[in-house]
Amino acid sequence: MSSKPLNVNEDEIAKFERIASQWWDLTGDFKPLHQINPLRVQFISQHLAQHYDGINSGFSGKKIIDVGCGGGILSESLAKLGAKVTGIDMGTEPLNVAKLHALESAVSVTYQKITAEEKAQECAEEFDMVTCMEMLEHVPDPASVIQACSALVKPGGLVFFSTLNKNIKSYLLAIIAAEKLFKIVPQGTHDHDKFIRPSQLISWAEENNLKCIDASGIHYNPITGNHKLNDSLDVNYILCFRKL
């Protein structure tokens, strides 16, 4: 077995462990994730339909792995649409919350405490689709996660990443406004130094046989609480890739 250290930031794990009980509180610290989740599902659904040209384009029977699943917000949504979902994370408490909520909701999701890299060694090219949302900015080596996601998906399969762009605007909105002024998310949730420019993410993906086929921004209005997909990748953005 490789002696390579796990691609895990223990401080980040501890941060999410402390607030794990709030994952499914629609008015708590994870309220923004619940608000943007329908947009993520919409973006994923659109590309799933296009990818299969309308033939068997639904989620039924599709094997999906949600990398960095946390408390299972996206995992459950995809499972409810008929997908066979595996959610992986390195946070014990978020996974416990995810498992309990799935039981309470009668939704079938398989949850596992394992890194993307370890899972890729176990299950190479086993999944029709990989999702990795708001996770890359929380690990020491995001390129390694991207490589693992590519290894997990079948040739021709889809991979989705969402994260935060690295610029002045994202600092002002995601940290100054969201954390300090409006207190939409807990202070210290994000580190601007770990934000990732779309060009950098696409470059890492292309090195691992992933071709970017679409990109969209996720716009948030802190006053109205409304979210929408748009063409600006200035702050939050989501990318769709196909494995060549």
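This passage describes the nonpolar cores, the cavity and four individual residues of a predicted model.

The largest nonpolar core of the model has 35 residues. Within this core, Trp23 and Phe160 are the residues with the most contacts. Two or more residues of the core come from each of several elements, namely the helices H2, H3 (73–80) and H4 (92–105) and the strands S3 (109–113), S4, S5 (153–164) and S8 (236–243). Helix H2 gives the largest share, seven residues. The surroundings of Trp23 can be listed in full: beyond residues up to four places away in sequence, Trp23 touches Phe16, Phe30, Leu33, His34, Gly70, Gly71, Ile73, Pro94 and Val97. Another core, of 30 residues, lies apart from the largest one. Ile114, Val153, Val159 and Leu239 are among the residues of this other core.

One cavity of 30 Å³ or more was found in the structure. The volume of this largest cavity is about 40 Å³. Its lining consists of Leu48, His51, Tyr52, Lys62, Asp128, Met129 and Leu158. Helix H2 (31–51) and strand S4 (127–133) are the elements that contribute two or more residues to the lining. Sorted by class, the lining residues are four nonpolar, one polar and two charged. Helix H2 and strand S4 thus appear in two lists, that of the cavity lining and that of the largest core.

Two buried residues with polar side chains were examined through their contacts. Asn7 is placed in the segment before helix H1 (10–18). Asn7 counts as buried because its relative accessible area, 12%, is under the limit of 20%. The side chain of Asn7 makes a polar contact of 3.0 Å with the side chain of Glu117. In addition, a polar atom of the Asn7 side chain lies 2.8 Å from the backbone oxygen of Asp141. Glu117 and Asp141 also appear among the residues that Asn7 touches, together with Val139, Pro140, Ser144 and Val145, when residues up to four places away in sequence are not counted.

Thr86 belongs to strand S2 (residues 84–89). With a relative accessibility of 13%, Thr86 is under the 20% limit and therefore counts as buried. When neighbours within four places in sequence are left aside, Thr86 is in contact with Ile64, Ile65, Asp66, Thr110, Lys119 and Phe127. Of these contacts, Thr110 lies within the range of strand S3 (109–113), and Phe127 within that of strand S4 (127–133).

The backbone angle phi was considered next. Most residues other than glycine have a negative phi. Ala106 has a positive phi, near 55°, and is a residue other than glycine. Ala106 is located in the loop between H4 and S3. Its relative accessibility is 71%, which is over 50%, so Ala106 counts as exposed. Glu134 likewise is not a glycine and has a positive phi, of about 50°. This residue sits in the loop between S4 and helix H6 (142–152). Glu134 has a relative accessible area of 14% and is therefore classed as buried, the limit being 20%. The two residues with positive phi are thus found in loops, Ala106 in an exposed state and Glu134 in a buried one.

Methods: Residues numbered from 1 in each chain as written. Predicted model: local features only at pLDDT ≥ 70, side-chain atom pairs only at ≥ 80, totals over all residues. Heavy atoms only, no water. 1 Å grid on protein atoms, 1.4 Å probe; cavity = no way out; pocket = protein on both sides within 12 Å on 5 of 7 lines; lining within 4 Å. Points joined across faces, edges and corners; volume = space filled by probe spheres on them. Helix = DSSP H or I, 4+ residues; strand = E, 2+ residues; numbered from the N terminus. Nonpolar A, V, L, I, M, F, W, Y, C, P; charged D, E, K, R; others polar. Buried < 20%, exposed > 50% of the residue type's maximum accessible area, 1.4 Å probe, protein only. Polar contact = N/O pair within 3.5 Å; in protein donor to acceptor, adjacent residues only side chain to side chain. Contact = heavy atoms within 4.5 Å. Core = buried A, V, L, I, M, F, W, Y, C linked by side-chain atoms within 4.5 Å.
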